[in-house]
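Me: I would like to go through this model by asking, for each label attached to it, what value stands behind the label and which cut-off that value is set against.

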Amino acid sequence: MGLARPEVRGREGGGTAVFPARSSALREHRVALMVAALVAFIVVSASANFVTGGAGLAVHIPDKLQSSEEAASALTRLFAALVLVLFLAEKEGWRMGWVAAGLVVLGLGHLTFGYVEPLLQDDPPELNESLYESLVTRTAACALFAVGLLPRRLPQRAARVAMVALVLAPIAAYLLVFELLDGETWMPPLTRVEGYEEIVQLGMSFGWLTPWHWAFSTLPLVLAVVAVAGTFRLNRSGLLRSWVLFAMILLAGSILHEYMWPTVYGLGVLSTSDLLRFGFALVVAVGGIVELRRIASERTALAAERSALLATEQERTRHLAELATLRADFSAMVAHELDRPITAIRWLNEVLGVEGKNPDIREYATAAIEKEISNLNALVADVRTAAAVERDDFEVEPEPLPLKVLLIDAKAYADSLPGDHPVRVVSGDGFETSGRVMADPQRVGQVLRNLLSNAAKYSPEGRPIELRASADGRGRARIEVADYGSGIHAEDLPLIFEKFGRGRDAQGKQVPGAGLGLYLSRRIVRAHGGELTVETRQGEGSVFGFDLPLAER
């Protein structure tokens, strides 16, 4: 129900400027014109009928049509009340609770006195009593409307109790006077005639109403005007929608017209006040339905937003859990990988302390220590590279690089690997390795070293390793490292490119290592715009490959 007034804020000249939303201003202007037109119509029509003595305020209708009109009007008001009750959970819903109660009073009054009572009684009620019934119903309903729409904020509990008592007072007074004290005989008469036929014959209401009617009818008229004033103020402040204002103007108009031709329950006359009051209930019902659809749409959007936020939070929680697991795995891996070379260095140092004078032992221990230190350096380098490629600002620096130089450096590294693996450089049909590729020399060199090291690690001693180069037909060079080892287990394929993922050897045992080589290699290749792929067959070997763009000549 709340209606925020939009405004557009922007910066201009270092300060903050506020620009009224043009669409909101146009909408308010249209609403003001429509309100003015509706008020003018009601007032002009009432004034014209006042000049004519009330002759044009009502028309005679058949009894069956009159009964149908009574029932339809009552049910419309009760339906509108039901729609408004659904607003009670909204910020300003308490106001709609009072308006709904007023609609219930109007609907039940119309249904009880205009439809049910004539069916239950053989004789229609006295005209004077019927006028009092209509007056009490209007007064109680307008009091409820004024109580709900006039206050600026929700009243305190004591004030609400007093308001309820004030609203119930005319109903209690009517029941006491007419049902218990036989008020028809001593209450001031509101009409100069006794029968319905005389009203129809006179036509003009001024001929059969008494000054008591004008005096008593002032109260519901004042309450209706107060309700309109409160609605107008709330609409201007953005707390109530425009349809509520239109509805209350129609209600006040019906009370004004009823001031000159009152509703008489059971009388076969359709007055302008009946039409305006029916329009009031119809506007409330339709406006309420539209508002409920808007609220339902907003709540659906809010639920979707909350679901998205929940999914994001769950994904974040899952990611944090994965990071915690990776951190634990990383700590365990580093501790394990550091333990082996450190233990070896400590043992070799003890050997040197005991047998250091023997040249052969000293040479062996020194070479072994250098190897373990190299392993430690490689581990540290992998960890640093892993940290680098995972940064948001990680970038490679491609430059034109002779492919032959890249292959020569890679072969020189492969020749130094343990296992006595013969390394062959193979070029594709018609492909010249004298061309250049766009690559970051350091990063691509690291990829080739990782692939060659794995090929040597997972191949039996003496098995060859091939370093292949070819063209892929799309302006890119294809580089592959092939081994003739045991191949990769099918269940290991999804793991080998993961961080800390390691495959198994021919005996099904995990090979020592940090499990970072292929993970880092894939990240580096992707940074070059390519993809690291693998083809493997159990017992025959594996082929890892990637492509690089050829440099323009």
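Reply: Since the model is predicted, each value below is computed from it, and a good place to begin is helix α7, where His213, Ser217, Pro220, Leu221, Leu223, Ala224, Ala227, Val228, Gly230, Thr231, Leu234 and Asn235 are buried.

Me: How do you know what span is expected of α7, and what span does this helix reach?

Reply: Helix α7 covers residues 211-236, which is 26 residues, and the expected span is 1.5 Å times one less than the number of residues. The helix reaches 38 Å from its first C-alpha to its last, close to the 38 Å expected.

Me: Where in α7 does a kink lie, and what follows the helix?

Reply: The kink, of about 30°, lies at threonine 218, shortly before proline 220. After α7 comes glycine 238, with a positive phi near 85°.

Me: Why is the pair of tyrosine 132 and phenylalanine 216 called tilted?

Reply: Rings pair if their centres lie within 6.5 Å, and planes under 30 degrees apart count as stacked, over 60 as edge-to-face and the rest as tilted. For tyrosine 132 and phenylalanine 216 the centres are 6.3 Å apart and the planes stand at 50°, which makes the pair a tilted one. It joins distant parts of the chain, with tyrosine 132 in helix α4 and phenylalanine 216 in helix α7, 84 residues apart.

Me: What makes the pair of tryptophan 212 and phenylalanine 216 tilted, and how are these two residues placed in α7?

Reply: The ring centres of tryptophan 212 and phenylalanine 216 are 5.6 Å apart and their planes are at 35°, so this pair is tilted. Because tryptophan 212 and phenylalanine 216 are 4 residues apart in helix α7, about one helical turn separates them. Ring pairs thus link Tyr132, Trp212 and Phe216 into a cluster, and a search of the whole structure finds 3 aromatic pairs.

Me: Which residues of this cluster count as buried and which as partly exposed, and why?

Reply: Buried means under 20% relative accessible area, exposed over 50%, and partly exposed in between. Tyrosine 132 has 4% relative accessibility and therefore counts as buried, while phenylalanine 216, at 29%, counts as partly exposed, and tryptophan 212, at 43%, likewise counts as partly exposed.

Me: Why is aspartate 420 called exposed, and where is it found?

Reply: Aspartate 420 has 62% relative accessibility, and because exposed means over 50%, it counts as exposed. Aspartate 420 is found in the loop between α11 (403-415) and β6 (423-427), and its phi is near 55°, a positive value in a residue other than glycine.

Me: What makes up the largest nonpolar core, and which residues have the most contacts inside it?

Reply: The largest nonpolar core has 41 residues, and those with the most contacts inside it are Phe145, Leu149, Met248, Ile249 and Phe280. Two or more residues come from each of α1 (22-51), α3 (93-120), α4 (127-149), α7, α8 (242-260) and α9 (272-355), and α8 gives the most, with 11 residues. At least three residues are drawn from each of domain 1 (59-204) and domain 2 (205-391).

Me: Which residues does isoleucine 249 touch, not counting residues up to four places away in sequence?

Reply: With contact taken as heavy atoms within 4.5 Å, isoleucine 249 touches Val35, Leu38, Val39, Ile42 and Val228. Apart from this core lies another, of 34 residues, among them Phe497, Val525, Leu532 and Phe544.

Key:
Residues numbered from 1 in each chain as written. Predicted model: local features only at pLDDT ≥ 70, side-chain atom pairs only at ≥ 80, totals over all residues. Heavy atoms only, no water. Bend = angle between axes of the 7 residues up to and from the residue. Buried < 20%, exposed > 50% of the residue type's maximum accessible area, 1.4 Å probe, protein only. Core = buried A, V, L, I, M, F, W, Y, C linked by side-chain atoms within 4.5 Å. Domains from an automatic or database assignment. Phe/Tyr/Trp six-rings, centres within 6.5 Å; stacked < 30°, edge-to-face > 60°.
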